[in-house]
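This report goes through one structure from its overall fold to its core, a pocket and two backbone details. Please look at the sequence and the model together before reading on.

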Amino acid sequence: MSNKPNTREAILDTASKLFFSQGYHATGLNQIIKDSDSPKGSLYYYFPHGKEELALTCINRTSEVVAQKLRHHMENSKSASEAIEDFILGMAKDAVESSYEGIVPFSFWLAAETSCISEELRTACKSVFMDLQDVIKKRLLDEGVENKPAADKASVVISLFEGALLQTLTFREEQPLLAAAKFIPVILG
């Protein structure tokens, strides 16, 4: 049985955490290799175009996981408001259970740091935000909200969530996410 998928996942997990905790520019490929306990050539084997390709893969992987969780909540809740509240409360629970180390904001760390430097990374971060907003917007449209208000509400919800998640991880307390969840019905009402 090959351990290649495990090595690739270890590299991605490590890179995501390091990009968030110390920034894209301060994170070196040697540190990612060392901290992920990966063989030296494995990073370039999986990511032949280097750091930017690795960052893009991290962004896309995080986006897929988070969008899938959000879609699940949307499909299994009575309303968009209930779905988003449950989604945010689930993230708060995950943050506490991981001692605030197992959660990485969707793309904030990279969007803020690289938007002026790499058009490809900026575009990937934009796609993450748009994909999440589209999940919310679609449900709001299904609930009869007009297109423009649905798009605006989805944007505000993602901004609120991303900011609350960042504060939760910075303060190492769940209160910012709990507060955000409490105001979702006000925003979507």
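## Overall fold

The protein chain holds nine helices and zero strands, and its elements, read from the N terminus on, follow the order α-α-α-α-α-α-α-α-α. The model is predicted, and the values below should be read with that in mind.

Of the 189 residues in the protein chain, 44% are buried. Among the contacts with a separation of 6 or more, 67% are between residues 24 or more positions apart. The protein chain exposes about 9,900 Å², of which carbon and sulfur atoms supply 53%.

## The largest nonpolar core

The largest nonpolar core has 53 residues, and those that touch the most other members are I32, L54, M74, I84, I88, I136 and L177. At least two residues of this core come from each of helix 1, helix 2 (29-35), helix 3 (42-46), helix 4 (51-75), helix 5 (80-97), helix 7 (119-142), helix 8 (147-171) and helix 9 (175-188). Helix 4 gives the most to this core, with nine residues.

Which residues is I84 in contact with, leaving aside its neighbours within four places in sequence? They are M74, I136, V157, I184 and L188; M74 and I136 also appear, like I84 itself, among the core residues that touch the most other members.

## The second largest pocket

The second largest pocket has a volume of about 160 Å³ and is lined by 10 residues, of which K17, F20, S21, Y100 and E101 lie nearest its centre. Helix 1 (residues 4-22) gives the most to this lining, with four residues.

By class, the lining of the second largest pocket consists of six nonpolar, one polar and three charged residues.

## Two loop residues with positive phi

S99 is not a glycine, yet it has a positive phi of about 55°. The residue sits in the loop between helix 5 and helix 6 (108-114). S99 has a relative accessible area of 45%, and therefore counts as partly exposed, since that value falls between the 20% limit for buried and the 50% limit for exposed.

R172, which is likewise not a glycine, has a positive phi of about 55°, and its place is in the loop between helix 8 and helix 9. Is R172 buried, exposed or partly exposed? With 44% relative accessibility, R172 counts as partly exposed.

Methods
Residues numbered from 1 in each chain as written. Predicted model: local features only at pLDDT ≥ 70, side-chain atom pairs only at ≥ 80, totals over all residues. Heavy atoms only, no water. 1 Å grid on protein atoms, 1.4 Å probe; cavity = no way out; pocket = protein on both sides within 12 Å on 5 of 7 lines; lining within 4 Å. Points joined across faces, edges and corners; volume = space filled by probe spheres on them. Nonpolar A, V, L, I, M, F, W, Y, C, P; charged D, E, K, R; others polar. Core = buried A, V, L, I, M, F, W, Y, C linked by side-chain atoms within 4.5 Å. Buried < 20%, exposed > 50% of the residue type's maximum accessible area, 1.4 Å probe, protein only. Contact = heavy atoms within 4.5 Å. Areas by Shrake-Rupley, 256 points an atom, 1.4 Å probe, with all protein chains shown as cover.
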